[in-house]
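This report describes a sheet and a helix. The chain is shown first.

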Amino acid sequence: MKRIFVPVLALFALPLALSASTYTVELGIVTTPNSFHYKAAKKFKDIVQKDSGGDIVVNIHHSKSVGSETSILQQLQLNALQMGVITAGPIDKFVPSIKAIEFPFIFDSFAKVDKILDGKIGQEILKSFKSANLVGYHFLENGFRNITNSKKPIHSASDVKGLKIRVMNSQLQIDIWKDIGANPTPMPWPIYTQLSQHVIDGQENPLAVIDQYKLYEVQKYLTLTRHVYSALVFVGSKGFYDSLPKKYQELLFKASREASIYERKLNRDKANFFLSDLKKQGMIIDENPDLASFKAKVKPLKSQFNGVAKKYLEEILAQ
Ligand code: EAX
């Protein structure tokens with residue numbers, strides 16, 4: 001039966017698929033379908049396909065099936081992929097000015113986050129993606145990052161001393177954890193295996209990521225440091241963008257904006273759920289760490305900033 005039906009189906013399906021759409025967007029993310037990255041990508045896909053009447057098809061490649069975030073960015077530069085939902089951290093190798101929003105302890109509320117990211121500084125950073133042969137479409141949200149580890153409770157910066165911490169592939173993130181006193185190693189996400197095999201003692205991520213990746217199985221201690229606000233970005237290939245008619249260029253911006261607004265709300269609405277679930281899973285949580293001790297350690301990092309990143313950082317700090 002199969003031998004007869006498969007070729008017949010294929011004959012019908014192929015010309016249909018070819019005639020139905022003019023453009024294909026291959027979209028890469030490193031996280032699994034239960035992540036916020038995926039939910040945003042799915043929303044983007046739905047809007048683009050619907051509003052283009054099927055003329056643009058979006059294929060989502062999740063769970064690192066097309067490589068790490070750094071590799072996705074390189075593939076976007078070459079138009080080997082057309083879109084990605086990427087964490088701001090590893091983007092700073094491509095777009096240095098984004099470091100300004102990844103500096104520790106600069107955001108004390110979502111209101112300030114939205115004001116900066118959707119305001120002049122955010123818009124200028126997104127525009128500067130062009131210089132890296134990329135398109136910065138819109139900011140969305142990973143969340144405030146918190147430290148976890150398998151060794152001991154962390155209350156103040158001195159407790160971090162000597163711990164092997166995985167960080168994102170970003171010199172700024174390495175420097176932050178060096179200055180706090182840890183022994184940081186950059187690694188691409190995901191890192192469950194390295195944690196379970198004790199190649200590293202700890203890591204830092206938003207509560208949603210910690211919970212969705214079941215890091216409570218391999219990390220006993222969680223400290224609500226909220227040290228870095230972790231933005232995600234809808235990033236695209238500039239080559240692909242330039243090849244599109246204007247109406248579709250505008251559609252990609254519109255779909256990114258709508259998917260970002262949708263995802264930020266979803267993420268924020270669920271914040272309490274993740275904290276209570278991590279408690280339920282048995283993590284030992286310090287909800288009131290000595291943040292002053294962490295802030296004191298990272299303060300000197302400001303002097304390493306120069307150029308536009310320095311200008312943005314000063315403007316953010318002044319607000
Ligand atoms: O969601 O690499 C990381 O730590 C990022 O936060 C990643 O997006 C996981």
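What covers the buried residues of H5? Among the elements in contact (heavy atoms within 4.5 Å) are helix H6 (120–127), strand E4 (134–144), strand E10 (229–237), helix H11 (246–269) and helix H14 (307–318).

## Basis

The model is predicted: local features need pLDDT of at least 70, side-chain atom pairs count only at pLDDT 80 or more, and totals for chains, interfaces and linings use all residues. Residues are numbered from 1 along each chain as its sequence is written, and side-chain values use heavy atoms, with hydrogens and water left out. Helices (H or I, at least four residues) and strands (E, at least two) are DSSP runs, numbered from the N terminus.

## Helix H5

Helix H5 covers residues 110–117, of which Lys112, Val113, Ile116 and Leu117 are buried (under 20% relative accessible area, 1.4 Å probe, protein chains only). These buried residues fall within an arc of 115° seen down the axis, taken from the directions from the helix axis to the C-beta atoms, so they line one face of H5. On the other side of H5, Ala111 and Lys115 are exposed (over 50%).

## The open sheet

Six strands, with mixed pairing (at least two DSSP bridges between two strands), form an open sheet in the order E7-E6-E8-E5-E9-E11. Strand E7 (183–186) and strand E11 (284–286) each have a single partner strand and stand at the edges, so one side of each is left without a neighbour in the sheet. Neighbouring strands are turned by 25° against each other on average, direction ignored.

Strand E6 (residues 164–167) runs parallel to E7 and is joined to E7 by four bridges. Ile165 stands opposite Pro184 in E7.

Definitions and conventions
Axes are lines fitted to C-alpha atoms, for helices over the stretch in contact, and angles run from 0 to 180 degrees between N-to-C directions.
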